[in-house]
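This note is addressed to a colleague who is opening the structure for the first time. The points below may be read in order, with the coordinates at hand.

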Amino acid sequence: MSKFYPHVNMVKNVDYRQKKNMKSAKIKIQIKRIALVFFAFMFVMVAFTIYANVKVERTVKDRIYTYVDSIPYRKVALLLGTSPLDRHGLPNTYFTNRINTASEMYHAGKVDFIIASGDNHIKEYDEPTAMRDSLMAHGVPEERIILDFAGFRTLDSVVRAKDVFGCDSLTIISQGDHDARALYLAKANGIDAVAAVAPLRSGRWARIRLALREWLARDKMMLDLLFDKKPHFLGEKITIPDKKTQKFYATAEGMTMRIVSPDLIINSVDSIVVEFTNNRSSEMTTGEWYRIDVKSGDGWREAPYSQKFLDILAKGSDVVVNDIGYGLLSGGSFRMTEKPWIYDLSDRSATYRLVKTFDYPPYPIQKSDTAYLEFQIR
């Protein structure tokens, strides 16, 4: 017959409770540690996000332009890509507004070339070609559009603009928050950039979602810069040509003509100072008559008249050019000031040409020769 020892069972129960309490205490400590690490991590993340966004906003705040008229001229614009269709298969307003802004800048003479940089990682998804086709539909010539098929991320597009296309200055085109991140990347890579804001038309919740996404994207950008992240592809360098501001030709050799003032790249035209040079061995004559043509398709037509001149014509008046001839000896040159106020030269994307007549002996002759000087206004 076995004996019952109550104190032994009591000791076992006490040991079991103590072990259970100790295990529970350890679990609580582990939970507290995990929670502490989690909250510390979240604090660091929030602090880093705040730092990244404040840093970006302060760095680029004076380089973002809402209105095309106020943005300074740059030779090249970097149009950042996005899908032409949204997730529902409908036209993407982000894409449409970027295209509208880019074409408006080109036609306003604010840029000469547009790099359409986007994702083309698979054959069925081609952002650059979609951007090119849309820009051409808005009147931007194909030869002014440069395709960058390796713009997989904003970092790739910005770095490639300098390392592949040789751009030390740029106008970046996207929506405002995206512009800010791209500008910061440009500054970090030694690019003198400004940005044009494409309108953002979306609801409040969509804007909040996009803002949160952009904040996190700026975190990743800071880490990319910290660890010197490189684009997926670079490749051979591509040279963007200089846009010729003047091009001279004539129906006879011996005379050359060039515009010496103003700087047509950046100034509007109130007057044009033209320099004539006679390279023949005989004397040349020219007069005050001139005409300005504008390129239209494959040909030329006379530029439209200004409203001021149309008002004069409406009153029954006209403008008469002095029938005066100026002689120019062999090897000589002289300058003449033309006042093209009778023409409307407000189209900054157009190519114009100044038309002048000139004569060489023998005199009198039945028909003068004609000199043409093409130019653009910036």
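**Notes on salt bridges, cores and a covered helix**

1. A search of the whole structure, which is a predicted model, finds 16 salt bridges. Three of these pairs are described in the points that follow, together with a network of shared partners.

2. One salt bridge is formed by the side chains of Asp192 and Arg63, with a distance of 3.0 Å from N to O. Asp192 belongs to strand β6, whereas Arg63 sits in the loop between α1 and β1 (64-65), so the pair ties together parts that are 129 residues apart in sequence. Asp192 is partly exposed, at a relative accessible area of 34%. Arg63 is also classed as partly exposed, its relative accessibility being 35%.

3. Within helix α6, Arg218 is paired with Glu214 in a salt bridge whose closest N and O atoms are 3.5 Å apart. The two residues, Arg218 and Glu214, are four places apart in α6, which means that about one helical turn separates them. In general, an α-helix has 3.6 residues a turn, so residues three or four places apart point the same way. Is this pair buried or exposed? Arg218 is buried, with a relative accessible area of 2%, and Glu214 is buried at 7%.

4. The side chains of Lys356 and Glu338 form a salt bridge at 2.7 Å, N to O. This pair links distant parts of the chain, as Lys356 lies in strand β15 (residues 351-359) and Glu338 in strand β14 (residues 333-338), 18 residues apart. Lys356 is buried, with a relative accessible area of 0%; Glu338 is buried, with a value of 4%. Elsewhere, Glu57, Arg181, Glu214 and Arg218 are joined into one network by salt bridges that share partners.

5. Which residues have the most contacts inside the largest nonpolar core? They are Ile115, Leu170, Ile172 and Ile240, in a core of 30 residues. Two or more residues of this core come from each of α1 (6-60), β2, β3, α4, β5, α5, β6 (192-197) and α6. Helix α5 gives the most, with six residues. As a general matter, nonpolar side chains in soluble globular proteins tend to be buried together.

6. Leaving aside residues up to four places away in sequence, Ile115 touches Val76, Ala77, Leu78, Leu79, Ile146, Asp148, Phe165, Cys167 and Ile240. There is also a second, separate core of 28 residues, which includes Phe276, Val294, Ala350 and Phe358.

7. Helix α4 (residues 154-163) merits separate inspection. It is mostly covered, with eight of its 10 residues buried. The buried residues are Thr154, Leu155, Asp156, Ser157, Val158, Val159, Arg160 and Ala161. Their cover includes the strands β2 (76-80), β3 (113-117), β4 (145-148) and β5 (169-174), as well as the helices α5 (176-188) and α6 (204-226).

8. For the chain as a whole, the secondary structure consists of seven helices and 16 strands. Of its 378 residues, 39% count as buried. The accessible surface comes to about 22600 Å², and carbon and sulfur atoms account for 56% of that surface. Among contacts between residues at least 6 apart in sequence, 73% join residues at least 24 apart.

Key. Residues numbered from 1 in each chain as written. Predicted model: local features only at pLDDT ≥ 70, side-chain atom pairs only at ≥ 80, totals over all residues. Heavy atoms only, no water. Buried < 20%, exposed > 50% of the residue type's maximum accessible area, 1.4 Å probe, protein only. Contact = heavy atoms within 4.5 Å. Areas by Shrake-Rupley, 256 points an atom, 1.4 Å probe, with all protein chains shown as cover. Core = buried A, V, L, I, M, F, W, Y, C linked by side-chain atoms within 4.5 Å. Salt bridge = Lys/Arg side-chain N within 4 Å of Asp/Glu carboxyl O.
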